[in-house]
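Let's take a walk around one strand and its neighbours, and then step back to see how the chains relate.

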2 protein chains.
Amino acid sequence: MDEPRLAGVIAPALTPFGAHYAPDVDRFARHCQGLLRAGCSGLAVFGTTGEGNSLSLAEKLELLEALVERGVPPELLMPGTGCCALSDSLELTRRAQALGCGGVLMLPPFYYKGVSEDGLYRAYAEVIERVGSERLHLYLYHIPALSQVPIPFGLIERLLERFPGELAGIKDSSGDWSHTQALLERFADRRFDVFVGSEEFLLENLRAGGKGCITATANIQARALDELFRGWRGTGAEPLQGRITRIRRIIERRPAIPALKAVLAHCAGDAQWRTLRPPLVELSPEQEKELLADLEAAGFALPSPSANRPHEGTGSARAYRPR
Amino acid sequence: MDEPRLAGVIAPALTPFGAHYAPDVDRFARHCQGLLRAGCSGLAVFGTTGEGNSLSLAEKLELLEALVERGVPPELLMPGTGCCALSDSLELTRRAQALGCGGVLMLPPFYYKGVSEDGLYRAYAEVIERVGSERLHLYLYHIPALSQVPIPFGLIERLLERFPGELAGIKDSSGDWSHTQALLERFADRRFDVFVGSEEFLLENLRAGGKGCITATANIQARALDELFRGWRGTGAEPLQGRITRIRRIIERRPAIPALKAVLAHCAGDAQWRTLRPPLVELSPEQEKELLADLEAAGFALPSPSANRPHEGTGSARAYRPR
């Protein structure tokens with residue numbers, strides 16, 4: 001019950017693909033280790049940004065085990081384990097728990113729409129009960145724009161009532177600060193940790209008692225995010241939040257996952273990072289060029305395209321580059 | 001290229017669950033065999049009605065293999081093989097093809113919304129190319145209310161151009177007859193088979209050159225649907241279509257899958273059929289009572305609740321009962 005819990009900047013790590021769109025274990029592990037070195041407090045692998053739902057159960061298990069084998073501390077991992085099929089969610093959550101993962105981030109089953117609160121309760125309760133570990137830290141994943149299945153407050157209430165130790169918190173990707181505020185107020189005294197799904201609200205969330213953010217741009221601006229997390233009480237927090245939000249705005253004007261992979265490919269001089277699994281597709285060369293120009297104009301330090309070796313960048317919003 | 005193709009009433013068979021929501025292979029096989037005896041021309045297992053997305057890959061493979069082992073002719077099977085993960089769609093389609101299935105019904109990857117036509121093309125093309133069999137009959141599954149990812153006409157055009165042998169048709173669950181008509185007209189000379197996802201449009205579809213229907217109520221009114229399919233040119237077709245549509249209306253006023261399972265449980269005297277995998281939940285006893293009363297009032301022959309043994313029913317819209 002008093003296990004330490006994840007807090008801070010949790011990176012929803014991008015997943016690299018190779019030939020035939022196969023996940024690339026080595027690049028993935030290197031990227032994850034790099035994100036931790038860049039200051040991330042944890043790794044929410046297999047999230048929306050990581051194309052988690054485009055991976056099979058076997059692929060996710062292989063990648064997760066590979067991270068732990070290669071020395072990523074399992075307590076820093078918060079894999080996405082919520083699938084459409086109860087059996088998949090159960091197996092993945094069980095395995096994550098057995099590996100000692102710090103948490104799991106669980107989408108509701110998302111194929112059927114307009115499902116009842118009872119049905120969602122059963123979906124979560126069945127997994128928690130059958131995993132059967134008081135050390136489980138389950139985070140709900142509220143992302144209605146993609147899942148089309150919101151997490152109602154009544155569901156949180158029921159799950160907290162029944163599983164006060166296991167239900168650890170929520171990732172709120174509603175994109176609506178008033179929703180996050182309502183969550184923070186309603187569950188303020190319940191040890192229910194709220195992470196925002198957009199770095200735009202990181203400072204507000206920390207000020208209001210939230211625990212951090214789980215956000216796509218952690219893949220490219222981990223250092224700046226971590227600096228804000230550690231220094232949110234300081235005078236530099238507001239301008240830093242402003243710089244962070246500007247980067248987000250640039251990314252979100254494009255298809256975000258292809259945009260982030262393009263930045264990573266460019267910064268690492270590694271074209272393979274541009275590959276996405278269908279149904280996602282990479283940016284066109286023109287789109288990528290405009291994106292990089294926009295980032296540079298915003299003061300985001302990019303290595304010169306001709307530079308092959310790692311480039312440190314400058315400024316607090318400098319890019320993280322995989323090694 | 002000249003392989004016979006599925007046509008008529010294809011039943012999206014319901015999937016029975018036992019303890020801990022495990023799929024019940026024996027009941028499933030008996031139900032499927034019963035549907036074929038009741039006149040169905042094929043079985044679209046693992047569809048929306050069959051809670052296909054609530055099953056893991058391993059569970060679907062096991063159920064599919066069990067059907068074939070127990071003598072269901074594979075050429076009558078059209079399993080749902082479209083998953084969020086390309087790797088799952090590929091493995092399931094490949095296995096279905098190896099077993100000799102008459103077709104596969106493929107949802108687009110449905111987690112990401114607003115994806116490009118290019119991305120959808122890649123998702124389907126990658127599976128077709130890697131299965132690599134000219135005997136594959138792939139049916140697209142257009143069900144925008146649930147998948148939230150429609151199948152655009154431009155995508156069909158591109159797939160037909162590149163894979164004229166493999167792309168066999170579509171299940172149109174738009175619920176919009178003008179959409180089905182547009183499909184029939186646009187691809188009239190392309191050997192592209194159109195099935196409606198609602199029995200409400202069965203007669204219209206057959207008159208306009210469509211091939212049949214793949215519809216939830218085939219689980220309980222297979223005989224009537226088959227009678228309409230075989231006799232659609234006759235004078236009895238209109239009134240029969242009217243009776244069939246009345247049954248659909250009664251089902252669709254409720255959560256349809258729980259309602260169908262309740263009818264099956266009642267008719268078979270087998271309470272286990274009431275179980276649904278979360279996030280779906282069964283009807284309340286009151287809801288079930290009202291449903292059965294509505295069906296009876298519409299002339300749908302239900303066995304008396306006290307009758308334990310199979311009941312033949314009367315009338316053309318009589319219920320199919322699993323044995």
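What follows is a short tour of strand β4 of chain B and then of the two copies.

Keep in mind that this is a predicted model. Our starting point is β4(B), which covers residues 138-142. How many of its residues are buried? The count is 5 of 5, so to speak a strand that is mostly covered.

Which residues sit on which side of β4(B)? B:Leu138, B:Leu140 and B:His142 are on one side, while B:Tyr139 and B:Tyr141 are on the other. Both faces are covered, and these residues are all buried. The back-and-forth pattern fits a general rule: in a regular strand, side chains alternate between the two faces of the sheet.

Now for the neighbours. β4(B) pairs with two strands, β3(B) and β5(B), as laid out here:

| Strand paired with β4(B) | Residues | Sense | Bridges |
|---|---|---|---|
| β3(B) | 104-106 | parallel | 3 bridges |
| β5(B) | 167-172 | parallel | 5 bridges |

On the β3(B) side, B:Leu105 has B:Tyr139 of β4(B) as its bridge partner. To get from β3(B) to β4(B), the chain passes through helix α4(B), residues 117-131, in a right-handed β-α-β crossover. Over on the β5(B) side, B:Lys171 stands opposite B:Tyr141.

Finally, the two copies. Chain A lands on chain B after a rotation of 180° with 0.0 Å of shift along the axis, at an RMSD of 0.0 Å. That is how a two-fold axis relates two copies. Both copies use the same surface, with 100% of the contact residues of chain A recurring in chain B.

Key:
Residues are numbered from 1 along each chain as its sequence is written. Chains are lettered from A and ligands numbered from 1 in the order in which they are written. This is a predicted model: local features need pLDDT of at least 70, side-chain atom pairs count only at pLDDT 80 or more; totals for chains, interfaces and linings use all residues. Side-chain values use heavy atoms; hydrogens and water are left out. Buried means under 20% relative accessible area, exposed over 50%, partly exposed in between (1.4 Å probe, protein chains only). Helices (H or I, at least four residues) and strands (E, at least two) are DSSP runs, numbered from the N terminus. Two strands pair if DSSP finds at least two bridges between them. A crossover is right-handed if, with the strands pointing away from the viewer, the path from the first strand over the helix to the second runs clockwise. Copies are superposed by least squares on the C-alpha atoms of residues with pLDDT of at least 70 in both. Contact means heavy atoms within 4.5 Å.
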